[in-house]
Amino acid sequence: MSFQKVDINKLPFNPFEMIGNEWTLITAEKDGVVNTMTASWGTTGVFWGKNVIQVGIRPQRYTKEFVDAANVFTVSFFGGDYKKELGYLGSVSGRDEDKIAKVDFHVANVEEGAPSFEEAKLVLVCKPLMVTNLDPANFKDAEIDEKWYANKDYHVMYTAEIISAYCK
């Protein structure tokens with residue numbers, strides 16, 4: 001089954017379920033190599049008159065190098081069917097092994113330079129608009145720093161325009 005380009009405004013999309021419970025993969029390509037990471041945090045909405053998604057990547061994540069080097073990245077949704085595989089992809093670094101091959105996922109470029117996976121049900125192609133380093137001095141709730149950043153490895157937030165969407 002191949003991907004079809006769709007109007008993002010016509011999709012039934014519950015980000016609380018799709019990101020928070022089913023999880024997603026953030027994927028990019030650098031120098032002909034594809035890397036991905038699992039995310040269960042993120043936001044979607046409208047900003048600067050554009051449909052956007054915001055994802056956070058910790059500075060030590062290998063995927064960050066790929067997102068920083070690419071003109072676009074993808075956010076792929078699997079509908080909860082691959083939770084075990086997404087768990088693995090989020091816990092192992094692509095620096096150490098070919099984790100994509102290990103879970104038997106198949107890279108599919110939905111657009112030039114926009115890698116995703118044949119196993120995905122929905123793919124958002126995202127163009128970075130702004131990159132922001134989280135600063136704990138801006139947290140209004142001290143528990144955030146205490147609970148989520150014991151290692152002081154604050155997320156880098158990527159606000160990206162959703163330039164296209166593909167589904168099966």
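How many helices and strands does the protein chain have? It has five helices and ten strands. Keep in mind that this is a predicted model.

Start with the overall form. The C-alpha trace of the protein chain spans about 45 × 40 × 30 Å along its principal axes. Is the radius of gyration what a compact globule would give? What matters here is the number of residues: with 168 of them, a compact globule would have a radius of gyration near 15 Å. The protein chain has 15 Å, so the two agree.

Next, look at how the chain folds back on itself. Take the contacts in the protein chain with a separation of 6 or more. Residues 24 or more positions apart account for 72% of them. Buried residues make up 43% of the 168 residues.

Now turn to the outside. The accessible surface of the protein chain comes to about 9000 Å². Carbon and sulfur atoms hold 49% of that surface. The chain also carries charge, with 18 positive and 24 negative side chains. The centres of these two sets lie 2 Å apart.

Helix 2 gives a view of the packing. This helix covers residues 62-69. Its residues Y62, T63, K64, F66 and V67 are buried. What do the buried residues of helix 2 pack against? They pack against strand 2 (24-30), strand 3 (33-39), strand 5 (50-57), strand 6 (73-77) and strand 10 (156-167).

Follow strand 10 to A160, which is found in that strand. Is A160 buried or exposed? A160 counts as buried, because its relative accessibility is 0%. Look at its partners beyond the neighbours within four places in sequence. A160 is in contact with N51, V52, I53, F73, C126, K127, P128 and L129. One of these partners, F73, is 87 residues from A160 in sequence. In space, the two are 9.0 Å apart, C-alpha to C-alpha.

Another partner of A160 is C126, and that brings us to the cysteines. How many disulfides does a search of the whole structure find? It finds zero. Why is C126 not bonded to C167? The sulfur of C126 is 15 Å from the closest cysteine sulfur, in C167, so the gap is too far for a bond. A disulfide needs the two sulfur atoms within 2.5 Å. Both cysteines are buried, C126 at 0% relative accessibility and C167 at 17%. The cut-off for buried is under 20%, so C167 falls inside it.

S91 offers a contrast to these buried residues. S91 is found in helix 3 (residues 83-91). At 57% relative accessibility, S91 counts as exposed. S91 and S116 are 25 residues apart along the chain. Their C-alpha atoms are separated by 19 Å.

Finally, check the backbone in two loops. Most residues other than glycine have a negative phi. Two residues here have a positive one. W23 has a phi near 75 degrees. W23 sits in the loop between helix 1 (15-21) and strand 2. Its relative accessible area is 24%, so W23 is partly exposed. D104 has a positive phi of about 60 degrees, although it is not a glycine. D104 lies in the loop between helix 4 (99-102) and strand 7 (107-111). With a relative accessible area of 51%, D104 is exposed.

How values were computed: Residues numbered from 1 in each chain as written. Predicted model: local features only at pLDDT ≥ 70, side-chain atom pairs only at ≥ 80, totals over all residues. Heavy atoms only, no water. Buried < 20%, exposed > 50% of the residue type's maximum accessible area, 1.4 Å probe, protein only. Helix = DSSP H or I, 4+ residues; strand = E, 2+ residues; numbered from the N terminus. Rg over C-alpha atoms; globule rule 2.2 N^0.38 Å. Contact = heavy atoms within 4.5 Å. Areas by Shrake-Rupley, 256 points an atom, 1.4 Å probe, with all protein chains shown as cover. Lys, Arg positive; Asp, Glu negative; His and termini not counted. Charge placed at Lys NZ, Arg CZ, Asp CG, Glu CD.
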